[in-house]
Amino acid sequence: MGKVILIGAGPGDAQLLTVKGLAALQKADVIVYDRLVEPAMLQERKASCKLIYVGKEPSHHPIPQEEIEQILVRESKVNELVVRLKAGDPYVFGRGGEEGETLYQAGIPFEVIPGITSAIGGLAYAGIPVTHRDFASSFHVITGHLKKGRDPLDWEALARLEGTLVFLMGMTNLPNICANLLAGGRKPETAVGIVQWASRGKQLTVTGDLVTIEQKVAESGISSPALIVVGDVVTLRPQLNFFEEMPLFHTKILLPRARAGKSMLAENIRDLGGEVTMYPNIQVLDIKPTTTAEQLARKSELLFTSKEAVERFFSYVTEINLDIRSLKNTHLTAIGKQTNEAFKEKGIIPDTFIKRRSNELVLEHLPRIQKNESSLIIGSVIDTAEVKAMLPEITSIQMMPLYDMRPVTERPFDLQCFDQICFASSRAVHNLLEVLTSEEKALLQQKTILSIGKFTSATLKTFGFHDFYEAESATPESLIKLIKKTKLEGVPQ
Ligand code: SAH
């Protein structure tokens with residue numbers, strides 16, 4: 001029997017998951033998740049992890065709470081680690097307590113990893129501090145989901161409170177909330193803020209007071225899921241609105257990718273307030289090599305194409321009990337800066353370092369490789385084949401693929417919603433365009449497409465794309481500059 005961990009996913013932005021939450025997510029065998037959980041977070045799961053969606057779309061019947069609890073019980077009987085991923089904090093109107101009770105009764109071990117509740121963190125992203133010495137010395141988080149005729153709230157008491165009031169699930173009841181607070185004696189000019197999709201790229205905020213907010217909400221079209229915040233802390237927004245002021249706020253960027261793992265570019269875009277979707281999701285599958293220790297020791301050159309290749313190679317070396325000193329006369333070549341760094345971390349300085357520019361091999365440097373008959377290229381299936389193809393004259397050069405990276409197509413996939421599609425490598429062009437239907441390609445043609453450099457542009461052209469903008473120099477910094485410029489000016493020169 002396994003265990004269940006209730007994890008708080010935070011208000012929205014995938015980066016707001018806790019370090020402990022992320023570690024558990026990466027180990028999970030099953031993830032049971034809700035509608036408000038940011039899908040990007042799920043990309044952290046391991047390849048074999050099963051996903052169970054138990055969210056409800058506003059117009060559909062929800063999965064009854066008892067059924068969700070039964071899913072947790074059932075899955076924990078056949079899996080080691082079941083993660084129940086909930087928006088915000090699992091114990092703030094998340095029915096996490098009920099799930100814990102059921103698990104306790106079923107004798108299933110469970111843990112909780114708290115999350116940042118939208119009631120506090122979500123407001124912060126709209127420039128609203130939940131307390132402030134000048135405006136509020138307490139705060140109250142209240143459910144706005146009130147049953148007709150059975151209003152459990154003591155509105156007079158709530159209206160008398162000096163602190164900030166935060167209502168969750170309250171949008172359909174907004175008129176009642178305002179009317180009740182006014183009737184209870186709260187000043188009409190008390191500031192009110194509504195924050196929809198807090199901390200996401202699509203965050204929307206509307207402000208007013210207890211009298212005007214209803215009208216403003218109607219005019220703006222803002223709706224659920226949203227936070228309603230009542231209190232003069234809302235007036236601090238102009239000074240504290242760090243998120244909505246970011247240069248790429250409200251910019252949705254599709255970043256087709258070449259490899260699995262962290263993307264610095266995605267991080268840079270997010271740091272500037274942009275919303276990034278990486279696509280396709282890439283699964284890494286390990287390949288068990290058959291090369292023996294003796295065969296490895298006889299090679300006169302080993303060429304590594306990635307950091308992952310170096311790491312996997314060292315694990316393999318340990319596994320086959322090869323003393324690394326037996327490779328002391330072997331020429332080691334690292335392709336790419338990260339590959340070189342990975343060697344340095346192991347206390348080894350490669351004999352040759354070949355730069356990768358924007359994920360492309362710089363061809364001119366290849367002749368520096370010792371072109372002898374007993375070279376071995378170590379990397380992913382694609383990388384090793386690519387390097388071999390660049391050295392056609394050495395027919396006997398061998399490959400040792402240690403892993404495969406397979407794009408996983410997750411449909412439905414809404415291309416329409418993106419403002420920009422940024423290709424940071426030639427392989428990324430292949431990874432996206434090879435999985436798109438002809439209608440999707442036609443749709444993509446109408447979007448703003450950016451290319452990191454000339455190799456990527458050339459690949460785009462082979463797929464029939466000619467209308468795009470190219471970064472000045474083929475570096476992530478230069479691509480970021482282009483993204484910002486395109487956002488500001490529409491069409492860059
Ligand atoms: N456990 C969650 C709350 C779940 S109740 C938490 O701690 O945040 C669901 C309600 O939370 C929604 O109806 C909405 O009012 C609020 N909510 C959650 N995430 C939100 C977000 N990113 N933006 C605005 N409201 C959000």
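Student: How many bridges join β11 to β12, and do they run parallel or antiparallel?

Tutor: In this predicted model, five bridges join β11 to β12, and the two strands run parallel. One of the pairs is Lys-252 with its bridge partner Glu-275 in β12.

Student: What makes β11 and β12 count as paired strands?

Tutor: Pairing needs at least two bridges between the strands, and β11 and β12 have five, so they count as paired.

Student: Which strands make up the sheet, and in what order?

Tutor: The order is β12-β11-β21-β22-β23, an open sheet of five strands with parallel pairing.

Student: Why are β12 and β23 called edge strands?

Tutor: Each of them pairs on one side only. Helix α14 (residues 426-433) packs on this sheet and touches β11, β12 and β21. The direction of α14 makes about 130° with that of β21.

Student: Let's turn to helix α9. Which of its residues are buried?

Tutor: Leu-265, Ala-266 and Ile-269 are the buried residues of α9.

Student: How do you know that they are on the same side of α9?

Tutor: Around the axis they cover an arc of only 100°, which puts them on the same side of the helix. Met-264 and Asp-271, on the other side of α9, are exposed. The buried residues pack against β11, β12 and α17 (476-489), and β11 and β12 also belong to the sheet above. Just after α9 comes Gly-273, with a positive phi of about 90°.

Student: What makes the buried residues of α1 line one face of the helix?

Tutor: The buried residues of α1 are Gly-21, Ala-24 and Leu-25. Seen down the axis, they fall within an arc of 105°, so they line one face. The face turned away carries the exposed residues Val-19, Lys-20 and Lys-27. Covering the buried residues of α1 are elements including β1, β2, β4 and β5.

Student: How many disulfides does the structure hold?

Tutor: Zero. Take Cys-417: its closest cysteine sulfur, in Cys-422, is 13 Å away, too far for a bond. A disulfide needs the two sulfur atoms within 2.5 Å, so this pair does not qualify.

Student: Why is Cys-422 called buried, and what is Cys-417 called?

Tutor: Buried means under 20% relative accessible area, and Cys-422 is at 0%, so it counts as buried. Cys-417 has a relative accessible area of 28%. That value lies between the 20% limit for buried and the 50% limit for exposed, so Cys-417 is called partly exposed.

How values were computed
Residues numbered from 1 in each chain as written. Predicted model: local features only at pLDDT ≥ 70, side-chain atom pairs only at ≥ 80, totals over all residues. Heavy atoms only, no water. Buried < 20%, exposed > 50% of the residue type's maximum accessible area, 1.4 Å probe, protein only. Helix = DSSP H or I, 4+ residues; strand = E, 2+ residues; numbered from the N terminus. Arc of directions from axis to C-beta. Contact = heavy atoms within 4.5 Å. Axes fitted to C-alpha atoms, helices over the stretch in contact; angles between N-to-C directions.
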